[in-house]
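Got the viewer open? Let's walk through this one stop at a time, selecting as we go.

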Amino acid sequence: RDPAGGMVTTSSAVVQGLSLFGRVRIGELRSVATTTARGRPGMATATYDRELFDVWVDTGSGAPFTCDVCDPGAVLKQINRALTGTATATLGHPDGAFYPKGSPGGYQSVVRRNTAEAMAARSLNDDDATEVPGLELVVFADGRAGRTRQVLQFAAVAAEAHYGIYLLPGESTQPPPAFIAPPVPVIGPVVPPPAPSKPVHVRGKTETFTERVVKRVKAGFGIFAAAPHQAGLLIALWAFLLLPGYLVVRRRLVT
């Protein structure tokens, strides 16, 4: 913890006396990752530094390449030229999600391997490492048996810093509202409710026998007009029911 930076995390790795295939010698490779977070906008930062010292490379043509305090890009170019057909060297880079400015609210900052590089390493070399390698060397020995490779990572580092600020239960960033007195109710004269009125029963008009007969006849004609096929069925039914009575009366009249 730091009064100015909040939460500070530092990760460092150093490799000394590195020799590659007798053609590359590195006196010292140093990687340092630092992350800070203080929980306020603009208060999250991340840095990554890589340094190379005392490098010697046998280029195979003329004088060797040498440097005391070296540029990593220039050294990488000379290593790949010297190890052509044997190995490939690359420099790792931090992912830009929370680097170098961290999250907008200042909650976290992260130094980890670039997402695109990590996906390529996983699919090509079955490498799931998330640290940023100071120098990576892939030695190829592929053949009929399939993929055979050595993945060498030197001075790999990763760092994270998290610092959150939260309100305690019941706290609020808004000022309390001003007190407003409730309105005083106005009391007026008491008015009794109106008395319920007596229910009124309305009797319907009584139909006579003649009116009922006329009504039934109209209903029958309505059936004829609305559904002729149903009217035909009703006529056939009534004819079937009245036929025995008609035959009895006719027989008595004949005798």
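Start by selecting E28, which is buried at 15% relative accessibility (buried means under 20% relative accessible area, exposed over 50%, partly exposed in between, with a 1.4 Å probe and protein chains only). Add R30, which counts as partly exposed at 29%. E28 and R30 form a salt bridge, with their closest N and O atoms 2.9 Å apart (a salt bridge is a side-chain nitrogen of Lys or Arg within 4 Å of a carboxyl oxygen of Asp or Glu).

A quick word on what you're looking at: this is a predicted model, where local features need pLDDT of at least 70 and side-chain atom pairs count only at pLDDT 80 or more, while totals for chains, interfaces and linings use all residues. Residues are numbered from 1 along each chain as its sequence is written, and side-chain values use heavy atoms, with hydrogens and water left out.

Now zoom out and color by secondary structure. You should find 4 helices and 9 strands, in the order β-β-β-β-α-β-β-α-β-β-β-α-α along the sequence (helices, H or I of at least four residues, and strands, E of at least two, are DSSP runs numbered from the N terminus). Of the 255 residues in the protein, 26% are buried.

Next, select R113 and D127, whose side chains meet in a salt bridge at 3.0 Å, N to O. This pair links distant parts of the chain, 14 residues apart: R113 is in the loop between β6 (108-111) and α2 (115-125), and D127 is in the loop between α2 and β7 (135-140). Buried or exposed, what is R113? R113 is buried, at 7% relative accessibility, and D127 is buried too, at 13%. Add E136 to the selection: salt bridges that share partners join R113, D127 and E136 into one network.

On to the cysteines: pick C67 and C70. A disulfide joins them, S to S 1.8 Å (a disulfide is a pair of cysteine sulfur atoms within 2.5 Å). The link is right-handed, with 105 degrees about the S-S bond. C67 is buried at 15%, as is C70 at 10%.

Now show R25 and W56. R25 lies over the face of W56, 4.0 Å from the ring centre (the test is NZ of Lys or CZ of Arg within 6 Å of the ring centre and within 35 degrees of the ring normal).

Last stop: helix α4 (residues 228-254), where you'll find F240. F240 is exposed, at 61% relative accessible area.
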